[in-house]
Amino acid sequence: MNIALTRRASLLGLATIAAAGRAKLALASAPTEQRLVVVLLRGALDGMAAVVPYGDPNLQSLRAALVPPQSALLDLGGFFAFHPALKNLHALYQKNEVLPVHAIAGPYRTRSHFEAQDFLQTGIDQVGITSGWLNRLIAELPSGGVTGQGLAVGMGMPLLLRGATPVASYAPAGFAKPSPALYANIAALNRPDPAFGPAIAEGLRAARFDHATLDAPSMDDDTDHTMAPPPQAHGFPTLARAAGTLLAAPGGPRIAAFQLEGWDTHGNQMNLLHAPLADLDAGIATLRTALGPAWASTTILVMTEFGRTARINGTHGTDHGTATVAFLAGGRVAGGKIRTTWPGLNPTKLFQNRDLAPTADIRSLAKGVIQAQFHLTPAALARVFPNSSDAPPMGGLLRA
Amino acid sequence: MDSDITHAMIRFGFGAGGTAPASTNPRDWLHAQLKGPDPALADPSFANLPSGADALQARRTDAVQRKRILAAGKPLKGNFKPLSRAMFLGDAKAQLDWTINTSAPFRERLVWFWANHFTTSIRQGGVEALVGPFMREAIRPHVTGNFTDMVLAAERHPAMLLYLANAFSVGPNSRAGLRFHRGLNENLGRECMELHTVSLRARYTQTDVTNMAKLLTGWSVNPQNQPTGFMFRPFAHEPGPQTVLGHQFPPGEAGGIAALRFLATHPTTYQSLATKLAWHFCGDHPPQATVDHLAAVLTDTKGDLGAASAALIDLPAAWQPLTKIKTPFDYTISLARAARITNAPVGFYLGTLRKLGQPLWAAPLPNGWSDHGADWTGSDAVLARVDFGFTAAARANSTPPMDIARSTLGPLLRPATETAIATAGSPREALAMLFAAPEFQRR
């Protein structure tokens, strides 16, 4: 067992991923062939740095020093452009497989990272909620709520996936491993415990599934390498490759949640934002490659807790703001255009004369995606996102 | 062993270890730990650790050295030996060893609690050398003192000023702001309100945050200023009075101090601290009466943390069964104490904490590590604990496993665990069973 686990970890390159890394992954199985990947950018991505509204006449006066030169921008049709680091996303946009949604925000306005990240994951604008909307989604799928094989790579289950439906996680921690017999005794000792009993049972089940899938002959051999990613910086591409392989496998997990850090750019934003954006870009490309044919049934939702100030702050960065950008990517995404009601950057149009004003609700986007992807009834959708009638699902996000 | 003394050692400390309690009355034993200054600060193992100013100097030397190596076209690997890293390791060793071996574990739990409340982290701001001095200069001296003093020490420490980027925040209308067109960075202004003092309960506005950031402009660092390295730079300070939560504060260094004093003694600060303390020491979802009582003690004593800590000891909720899940840090320390591991290098603990998901002084975000059991009981995290227990069991001294189990858990040891230990195939497997037992995961 010991040798096999080490081999599995090295196969995936996971030995290089420490818990201190800036990327985390959790996966869950679900009774469906549709795949949903949620990427949480923790720390608040500056939406106007990722998708630059260069055609807005007020952009330069607000933040000239944060706008890359026109020649470096990756144009999206005459008004918006991707940040130069988003090369793969730009290529996918041209294949109509990426849809940026701009000027979007959650319903909260506190500009607190911590509260906003919780709301983004619970989908409920209220403190103290302990289940995430992805967990509630799994419960609404036909024969949902089954304890399936799932796993997480990297430590910790995000709030997004926590809740009544059990979801397993597994991390290659790099400690010595007890023998199977000792594991069995430890599982038995913990069985009556409400927290540790299920966790150990799920973890051991996940380890075995993980093992069987990843030790199988590599699935990379017949996939297309035309979008090979650059070397990884923050670990997202490495985890993305593992996730893509598992999501593509028959009987593998169908839901993945990534958490990426490095977005809280209060200072020196031009330099500090490039690497995390390049990492995000490379990770999405890696996922597409690793998913192979399963890309056609996959939707990736990239979202962040809020945006950043429209104006540059005193230390060449931006402070906490309101509206930002979100992305969809995937084989069925109705992409190749920007989805937005652009509020404009005239100071009178800024939210509190400070931030990009929100014209769309992040819950509408999430609801629109899961409704189209999983054909949920309105009643089921309301159970996944309760008290959200003010945020009706967006239509037209996926192709039929 | 008496069940109350076992309970006290686990709930308020890190389990058995150090010198056995002299008093047989657990409450007396706990109260005695709150008297006098932090014993760690007088310990010889702390004597040669760097000050904040020393750490700032090392940080500067490292930057010069790094530039020089790169300019010479040499690779950093093999040539660059940062002083900051050495300082980090020295502080980690001294402070972890102290925590593992202390005979005042309640005091030590409070130290780590407050260090997490005022999180500084090596993930941002280049503060690797400063996180250790921060614990010794800003946290340890005030754990049983007044909360306002701790707020001032923490917000003025270079570790915090660099971690939350205040050192470079410039008043837009200050001389520096006008001359160089620099301006505010409101990171510390916001987090000192949201996380360290009044919390979102105070319903402050964006203007309050911006004004607080203006009051803190000019709060910066200088390696020449022993001991901590704090320096006020009037050149960067925003002129004019500022209003925060309806109170006006004058410009100058004194204005920022006055504003922090106001925030540190605000009613919602006491509610926030009481909630966190109760949550930490009485289990997740503590009774409201417990929180209210602690808030009242803090209010009546104007933030006396010694009084609040003493009140914890006398709370009925603190003596309810141990249901709180240990964090990876608590788990690691309590395991090292139980197994009397004395021969492990600091890298063993740093590696363990990283693999268990709670790397030392490296919280991902300024709100610090979660104090909520559900954040630490994912199956990946739990299996990693099991594996660590098995790994660490190989390092235990030769004390028979059953003796370790009884001295650590006393009457809390379940018959099923006792049987598992008694029938295990080897001492190492027996200890792995003990460390994986549900009752060893709780505090």
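Two residues are in contact if their C-beta atoms, placed from the backbone, lie within 7 Å. Keep that cut-off in mind for the exercises. The model is predicted.

**Exercise 1. Find what covers helix α11 of chain B, and say why this helix counts as largely enclosed.**

Step 1. Locate the helix. α11(B) spans residues 206–215.

Step 2. Apply the burial cut-off. A residue is buried if 20 or more other C-beta atoms lie within 10 Å of its own.

Step 3. List the residues that pass. They are Asp208(B), Val209(B), Asn211(B), Met212(B), Ala213(B), Lys214(B) and Leu215(B).

Step 4. Draw the conclusion. Seven of the 10 residues of α11(B) are buried, so the rest of the structure largely encloses this helix.

Step 5. Look for the cover. It includes two helices of chain B, α10 (187–196) and α12 (253–264). Strands β3 (242–244) and β4 (247–249) of chain B are also among the covering elements.

**Exercise 2. Describe how helices α16 and α17 of chain B pack.**

Step 1. Choose the quantities. Two packed helices are described by the angle between their axes and the distance between the axes.

Step 2. Read them off. α16(B), residues 328–339, and α17(B), residues 346–355, pack at an angle of about 145°. Their axes are 9 Å apart.

Step 3. Add the hand. The crossing of α16(B) and α17(B) is right-handed.

Step 4. Name the contact residues. α16(B) brings Pro328(B), Phe329(B) and Thr332(B). α17(B) brings Tyr349(B), Thr352(B) and Leu353(B).

Step 5. Sort them by class. The contact of α16(B) with α17(B) has four nonpolar residues, two polar ones and no charged ones.

**Exercise 3. Place strand β8 of chain A among its partners, and decide whether its residues are buried or exposed.**

Step 1. Recall the pattern. In a regular strand the side chains alternate between the two faces of the sheet.

Step 2. Split the strand by direction. Ile255(A), Ala257(A) and Gln259(A) point one way from β8(A). Ala256(A), Phe258(A) and Leu260(A) point the other way.

Step 3. Check burial. Six of the six residues of β8(A) are buried, so this strand is largely enclosed by the rest of the structure.

Step 4. Take one partner. β1(A), residues 23–28, pairs with β8(A) in the antiparallel sense over six bridges. Here Ala23(A) stands opposite Leu260(A).

Step 5. Take another partner. β2(A), residues 35–41, runs parallel to β8(A), and six bridges join the two strands. Within this pairing, Leu40(A) has Gln259(A) of β8(A) as its bridge partner.

**Exercise 4. State how many helices and strands chain A has, and what share of its residues is buried.**

Step 1. Count the elements. Chain A has 13 helices and 11 strands.

Step 2. Give the share. Of its 400 residues, 59% count as buried.

Methods
Residues are numbered from 1 along each chain as its sequence is written. Chains are lettered from A and ligands numbered from 1 in the order in which they are written. This is a predicted model: local features need pLDDT of at least 70, side-chain atom pairs count only at pLDDT 80 or more; totals for chains, interfaces and linings use all residues. Helices (H or I, at least four residues) and strands (E, at least two) are DSSP runs, numbered from the N terminus. A residue is buried if 20 or more other C-beta atoms lie within 10 Å of its own, exposed if 12 or fewer, and partly exposed in between; C-beta atoms are placed from the backbone. Axes are lines fitted to C-alpha atoms, for helices over the stretch in contact, and angles run from 0 to 180 degrees between N-to-C directions. A crossing is left-handed if the near helix is turned anticlockwise from the far one by less than a right angle, and right-handed if clockwise. Ala, Val, Leu, Ile, Met, Phe, Trp, Tyr, Cys and Pro count as nonpolar, Asp, Glu, Lys and Arg as charged, and the others, Gly among them, as polar. Two strands pair if DSSP finds at least two bridges between them.
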